[in-house]
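Hi,

Here is the structure I promised to pass on to you. Have a look at it first, and then read my notes below.

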Amino acid sequence: MTATTISREPLPYGFSPFAHLTVQNTDLYRQVMGAFVVAKERFAVHLRPEDVYTALPAEVRPPDLDALVKALESLVGWGNLRADPDTARVTAVEDFYRKRFIYQLTRAGEAAEEALGVYDDALGRRGALQAVALHDIITQLRALLVLAAEEQPDRAKIHLALDVLASRFAALADNARAFMGSLQQTIDLHDVGEEVFLAYKDRLIQYLERFIQDLITLGGRIARLILELEDAGRIEPLLRAAAAREAADASPEEADHAEGEAYQRWYGRWTGLAAWFISREGRESQARLLRGRALGAIPQLLAVVRSLNERRAGRSDRSADFRTLARWFAEAPDDDARHRLWRTAFGLYPARHLTVDAGTLAARAALPVPTATPWADAEPLRISPQLRRTGSYERRGRPRRVESREESRRRLAEVAAKQAAETAAARARLVTDGITRLSGLGELDPASFGLFLQLLGDALATWRPGMRHTVATSNDGSMGIRLSALADGGTAEIRTAGGAFRGPDHLIEIIDLTDGGEDR
Amino acid sequence: MNSNPLAEVLDGQHAADLRKAARALLKQPLLLARGRYADEFRLVRRHASELREWFDRNTGWSLQTDAEAARLRKIPGVLSDPTHPARDATRAAAPFTRRRYVLLCLALAALERGEAQIALGRLADQVVLDAADPHLARAGIQFTLDRRDERLDLAAVVRLLLSLGVLRRVAGDEEAYVSGAGDALYDVERRVLAGLLAARRGPSTVHAEAFADRLAELVAETALDSDELRFRAMRRSLTRRLLDDPVLYYDELTDAELGYLTRQRGFLTARITELTGLVPEVRAEGIAMVDPDDDLTDVRMPEQGTHGHVTLLLAEYLAASDAPLTTHQLGLRVRDLAAEHGGFWAKSAREPGMEAELVEQAVARLAALGLVSRTAHGVAPRPALARYAVGEAVVLEPGTSRMPAQRKASKP
């Protein structure tokens with residue numbers, strides 16, 4: 001096939017690289033462009049039609065190479081691709097006579113692909129909050145803390161740490177926004193098909209659980225680190241240092257105010273980050289909002305499930321059923337008929353049985369009545385003479401008093417409240433306020449010791465052979481512990497009312513995750 | 001099988017719980033998770049799968065349970081029993097009238113279409129709209145709900161729905177609506193509402209015109225075109241009657257049913273006894289599944305109180321007579337009895353002119369228990385009435401002989 005002359009006239013408004021979206025065979029065009037984008041990621045600039053052909057997925061691949069060449073030429077026409085004569089050696093005569101081209105992305109085509117990628121992303125993304133981002137933020141905040149403690153911190157390091165922090169945070173915030181949006185979509189799923197919804201439901205609930213867990217455990221730690229950095233204005237010099245480094249690149253005429261502007265920018269980012277994790281001045285932190293949103297999503301999801309179930313349960317139109325019944329009741333010949341209709345349609349009647357007393361039963365067991373005996377000939381049920389004479393049984397004993405459980409319930413509530421208070425107090429006593437030695441803990445009261453043992457257990461559970469250091473969070477997420485082994489082989493002893501607890505000495509830090517930084 | 005005593009105790013416990021749950025369902029086919037029957041509900045929920053299987057196999061009734069309610073969709077063994085009317089949720093428990101039945105269904109239709117909450121005033125508006133249906137108008141039903149007695153009817157319907165758990169009151173009360181002074185707001189429990197109809201077919205899909213055909217089609221099973229299916233249908237219908245009704249008289253059965261019952265009687269009654277604790281009383285005329293615990297019933301005999309006493313005394317009178325008695329004769333008897341026993345009766349019952357009402361109450365009770373039947377000429381005793389033989393019991397001297405142990409404290 002010979003190449004046709006290709007019009008290089010751009011379409012009006014200069015958006016011709018998007019033209020392939022509104023014509024036939026859009027799928028093929030997009031796949032072809034996709035192949036070029038993938039190739040570019042692998043630093044392959046030029047592609048021959050054969051390369052594109054093999055890169056296409058089987059379901060969109062045209063029946064022969066010529067159809068693909070045609071598509072490529074159209075794309076060249078819209079300005080997405082550039083065609084250059086192919087000067088490579090050929091091995092067949094007809095190939096020599098064929099007009100051969102190699103293709104590459106034009107800048108316009110590349111920009112269009114990028115735009116489409118963003119578009120797909122924004123629509124396709126369900127939103128996800130990676131724990132990875134949270135971990136990275138923690139790492140960078142720790143690095144900043146270390147830098148802040150130095151006498152002469154390295155500006156470049158500060159800048160790098162802040163930069164990474166800012167970019168990780170931006171990614172996190174983007175994801176969170178997408179996540180909130182997708183949650184809303186899910187809740188609005190009322191109109192989607194049942195299977196789609198049910199398939200999505202389990203995945204979403206799983207995801208929500210993981211997400212809430214991440215946010216609670218890691219969010220609290222981040223909040224604490226942020227507060228630590230803000231404490232005594234430690235963060236401000238760091239921000240200034242970063243701003244100064246950035247301003248160093250500014251052109252001479254901008255140099256005066258560049259540093260001020262850069263500082264403002266960094267300050268803004270920092271407040272944004274802090275506002276994300278810490279509630280203050282009456283505004284709830286984003287993290288908290290997200291958590292509430294995620295928690296709230298579960299009951300809303302369940303409401304959707306319920307409405308689906310109701311829809312499924314209604315086989316006939318029940319409203320019509322009831323109207324029909326109303327008519328039947330109106331048309332029924334008499335009250336007896338209506339009572340029969342009620343019993344049959346609604347089936348809400350109780351069972352009804354004659355009674356028998358223990359004495360009669362025993363007598364029958366001893367001397368069974370033949371089944372062919374008429375009722376009149378069988379031994380009758382005996383009626384109390386008192387009942388027959390007066391219409392009531394003998395004087396009844398006083399009814400058994402209903403036991404009131406109010407008292408015990410209140411006592412339980414008190415015990416529960418007291419336990420909660422004790423636990424809180426024990427937690428407060430246990431917090432180490434920085435790093436200390438195990439042997440420095442001294443004496444613990446039973447409540448604190450119990451809590452300490454649990455925490456130690458949680459920490460040791462993460463301990464693997466060869467480890468010198470571990471960090472753990474208690475099962476309920478309320479406390480964190482950091483434990484480092486010591487080389488000096490000393491022994492720690494903790495005295496309690498019940499005896500002494502001994503073991504190799506460690507460095508230990510215990511943090512209360514529920515107060516201070518954690519927003520509650 | 002279980003040599004281990006703990007396992008035996010647990011088995012016994014399980015059987016007792018299962019029995020309690022089954023009886024609760026038979027007494028109250030709709031059990032709610034909250035309110036008076038919460039304990040029974042939990043019991044049913046725990047044994048739901050066993051109960052579901054039993055009822056499905058033996059009666060064809062389906063049991064639905066969810067977190068809010070348990071519903072046994074009962075279908076009566078006989079469609080001809082008029083002694084189970086819907087009743088007011090008040091103490092008087094008056095049977096529903098034609099207007100109330102119609103209002104009830106219209107209200108349910110409105111609730112079915114409506115939102116999760118509804119105000120009584122709004123419900124009334126929708127009922128009035130639906131009542132404009134030409135079919136209803138032709139049957140002579142009309143609601144405007146601006147007269148007080150009409151509003152009373154609607155209030156009675158709403159109270160029944162409240163007691164069933166279809167509605168839950170949020171604010172206000174029905175009194176205020178009846179007197180025109182206010183309104184009431186309710187939550188609609190859609191799942192309870194969804195399970196309210198027990199019929200196998202939706203009434204809107206039934207096109208029969210005759211009343212009896214309509215009833216029959218509501219509960220019609222699919223075509224019974226094999227012996228096995230026919231036997232199963234028979235087993236189910238007989239079990240339904242034995243489970244629900246006080247007495248199953250042989251003369252009410254078809255030949256096929258009687259034949260099946262004769263062959264399978266032991267099996268059928270044993271299954272019921274195992275589940276419910278009811279004991280078969282097999283006589284020449286029929287079978288009564290009698291209740292040693294005396295609580296699986298809504299109507300008792302014998303019973304205390306004025307009406308119970310009159311019922312007992314009239315039962316004695318009826319049992320002694322061979323022919324049907326007219327209500328007039330029974331009224332005269334009541335007047336005589338009042339002279340002898342009136343001292344124990346409620347004051348209102350001793351007033352002249354009350355005889356007819358007392359007779360009506362007593363006959364309704366005896367008829368509901370299958371002990372008498374109403375005929376065109378009066379009231380005829382049925383065979384099972386003889387099981388009471390009230391008069392002879394008087395020969396027992398207090399404190400000398402065994403006394404019926406049912407429902408009473410020790411002898412003084």
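A good place to begin is Ser484(A), which stands opposite Leu507(A) in strand 8 of chain A. Please keep in mind that this is a predicted model.

That pair belongs to a longer match: strand 5 (residues 479–485) and strand 8 (residues 506–512) of chain A run antiparallel and are joined by seven bridges. In general, strands of a sheet pair through backbone hydrogen bonds, either parallel or antiparallel. Here the open sheet has four strands in the order 3-8-5-4 (chain A), with antiparallel pairing. Strand 3 (436–437) and strand 4 (469–473) of chain A each have a single partner strand, so they stand at the edges with one side lacking a neighbour in the sheet. Helix 17 (residues 446–461) of chain A lies across strands 4, 5 and 8 of chain A, at about 60° to strand 5.

Now to chain B. Helix 7 (residues 148–164) of chain B has 17 residues, which at 1.5 Å a residue should span 24 Å, and its end C-alpha atoms are indeed 24 Å apart. Because 12 of its 17 residues are buried, helix 7 of chain B is largely enclosed by the rest of the structure. Among the buried ones are Glu150(B), Arg151(B) and Asp153(B). Just after this helix, Gly165(B) takes a positive phi of about 90°.

Finally, find Arg352(A), in the loop between helix 13 and helix 14 of chain A. Is Arg352(A) buried or exposed? Its relative accessibility is 2%, so Arg352(A) counts as buried. Its side chain reaches the backbone oxygen of Ala368(B) at 3.1 Å, and its contacts also include Asp244(B) and Asp245(B).

Happy exploring!

Note on methods
Residues numbered from 1 in each chain as written. Chains lettered and ligands numbered in written order. Predicted model: local features only at pLDDT ≥ 70, side-chain atom pairs only at ≥ 80, totals over all residues. Heavy atoms only, no water. Pairing = 2+ DSSP bridges. Helix = DSSP H or I, 4+ residues; strand = E, 2+ residues; numbered from the N terminus. Contact = heavy atoms within 4.5 Å. Axes fitted to C-alpha atoms, helices over the stretch in contact; angles between N-to-C directions. Expected span 1.5 Å × (residues − 1). Buried < 20%, exposed > 50% of the residue type's maximum accessible area, 1.4 Å probe, protein only. Polar contact = N/O pair within 3.5 Å; in protein donor to acceptor, adjacent residues only side chain to side chain. Lists of a residue's contacts leave out its neighbours within four places in sequence.
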